[in-house]
Amino acid sequence: MGASISALLINIVVAAVILFGGTWLANKARPHVRGMLVNRNLDPMLATFITSIAHITAIIFIIIAALSELGIQTTSLIAIVGAAGLAVALSLQSSLSSFAAGVMIIAFRPFKVGDYIEAGGTAGIVEEIQIFSTRMRTGDNKAVIVPNSGIINGNIINYSDKDTRRVDMVFGISYNDDIGMAKKILDDVLKQDERILEDPEPTIAVSQLGDSSVNLIVRPWVKTDDYWAVLWDLTETIKLRFDKEGINIPYPQRDVHLHQVA
């Protein structure tokens, strides 16, 4: 009797060591495994995803090993876990959908860590792609956790995918102003900015005869990293040049005709 109790206590201690020690080792190994994958020139996004799956798999095997040490038949336990897993899967369809979406993101790579994207109802820089969700950082430094299913089931706009982008701007001038002079000013401003690419050539043209103004489109091409800086700088510079050269940007206006009734 005493021997069986001693053996049981030893098994419990060993199972505890396997469970807690194995879990501790798995948690400690997780960042090292990811670092090793990244050092082998594996994409950080893929490295994080593989590390997460490996960590969960290791925890499952540790639990099974600990239960086996206690004399529990793991074969029947696996069957029970499988049945329970099926029930859980039915109740967690959205989570499984996010998991499948994460696999698709890794496989088709519509974006990578560091890209600025618009997806899942938000826009920001991709910081991390996890098993069920993607972590993004918005322009005002807010962390947004977006389910992968929400990303893969909608449109994905990747602003960082291409090396160049076109800056689309519209400037309205008065009907009394010289269109040729305005276009010459716009062309001169673009030529003075070294960030504007020569190929493709910028577009300057009359796009619309509006209610209160003649609208000119200005569409230069820039490197993707320069997009916002060029947009803001050109908007200010063109306004100042128009003021200096006497080109008016009119306010919305409407002519009112009064008829005197005798």
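Student: Asp188 in this predicted model: what makes it count as partly exposed rather than buried or exposed?
Tutor: Its relative accessible area is 28%. Buried needs under 20% and exposed needs over 50%, so Asp188 lands in the partly exposed class.

Student: How do you know that Arg241 and Asp188 meet in a salt bridge?
Tutor: Check the N to O distance between the side chains, which is 2.9 Å. The cut-off is within 4 Å, for a side-chain nitrogen of Lys or Arg and a carboxyl oxygen of Asp or Glu, so the pair qualifies.

Student: And why does that pair tie together separate parts of the chain?
Tutor: Because Arg241 lies in helix H7 (residues 227-245) and Asp188 in helix H6 (residues 179-192), parts that are 53 residues apart in sequence.

Student: What makes Asp233 and Arg195 a salt bridge?
Tutor: Their side chains come to 2.9 Å, N to O, and the rule asks for within 4 Å. Asp233 is in helix H7, while Arg195 is in the loop between H6 and strand E8 (203-209), so this bridge links parts that are 38 residues apart in sequence.

Student: Are Asp233 and Arg195 buried, partly exposed or exposed?
Tutor: Asp233 has 33% relative accessibility and Arg195 has 26%. Partly exposed runs between 20% and 50%, so both get that label.

Student: Which residues are joined into one network by salt bridges that share partners?
Tutor: Glu127, Arg135 and Arg137.

Student: What about Arg166 and Asp168, why is that a salt bridge?
Tutor: The N to O distance is 2.7 Å, and the limit is 4 Å. Arg166, at 35% relative accessible area, and Asp168, at 40%, are both partly exposed. By this rule the count comes to 13 salt bridges.

Student: Why can Leu70 be part of a surface patch?
Tutor: Patch members need over 30% relative accessible area, and Leu70 has 37%, so it clears that bar. Leu70 sits in the loop between helix H2 (44-69) and helix H3 (74-91). The nonpolar patch consists of Ile5, Leu9, Ile12 and Leu70, with about 340 Å² of accessible area together.

Student: How do you know that strands E2 and E3 pair?
Tutor: Pairing needs at least two bridges. E2 (residues 122-129) and E3 (residues 133-137) have four, in the antiparallel sense, so they pass. Ile129 stands opposite Thr134 in E3, and a hairpin of three residues joins the strands.

Student: And what makes E3 and E4 a pair?
Tutor: Five bridges join E3 to E4 (residues 143-147), again set against a minimum of two. The strands run antiparallel, with Thr134 opposite Val146. Five residues lie between E3 and E4 in their hairpin, and Asn141 in the turn has a positive phi of about 70 degrees.

Student: There's also an open sheet of three strands; what is its order?
Tutor: E7-E9-E8, with antiparallel pairing.

Student: Why are two of its strands called edge strands?
Tutor: E7 (169-173) and E8 each pair on one side only. From one strand to the next, the twist averages 30 degrees.

Student: What makes E7 and E9 partners?
Tutor: Five bridges join E7 to E9 (residues 214-219), where two would do. One of the matches is Val170 with Ile217 in E9. H6 lies across E7, E8 and E9, running at about 20 degrees to E9.

Terms used:
Residues are numbered from 1 along each chain as its sequence is written. This is a predicted model: local features need pLDDT of at least 70, side-chain atom pairs count only at pLDDT 80 or more; totals for chains, interfaces and linings use all residues. Side-chain values use heavy atoms; hydrogens and water are left out. Buried means under 20% relative accessible area, exposed over 50%, partly exposed in between (1.4 Å probe, protein chains only). Patches are made of residues with over 30% relative accessible area and no salt bridge: like charges are joined within 9 Å, nonpolar side chains (Val, Leu, Ile, Met, Phe, Trp, Tyr) within 5 Å. Accessible areas come from the Shrake-Rupley method with a 1.4 Å probe; for residues, only the protein chains shown count as cover. Axes are lines fitted to C-alpha atoms, for helices over the stretch in contact, and angles run from 0 to 180 degrees between N-to-C directions. Contact means heavy atoms within 4.5 Å.
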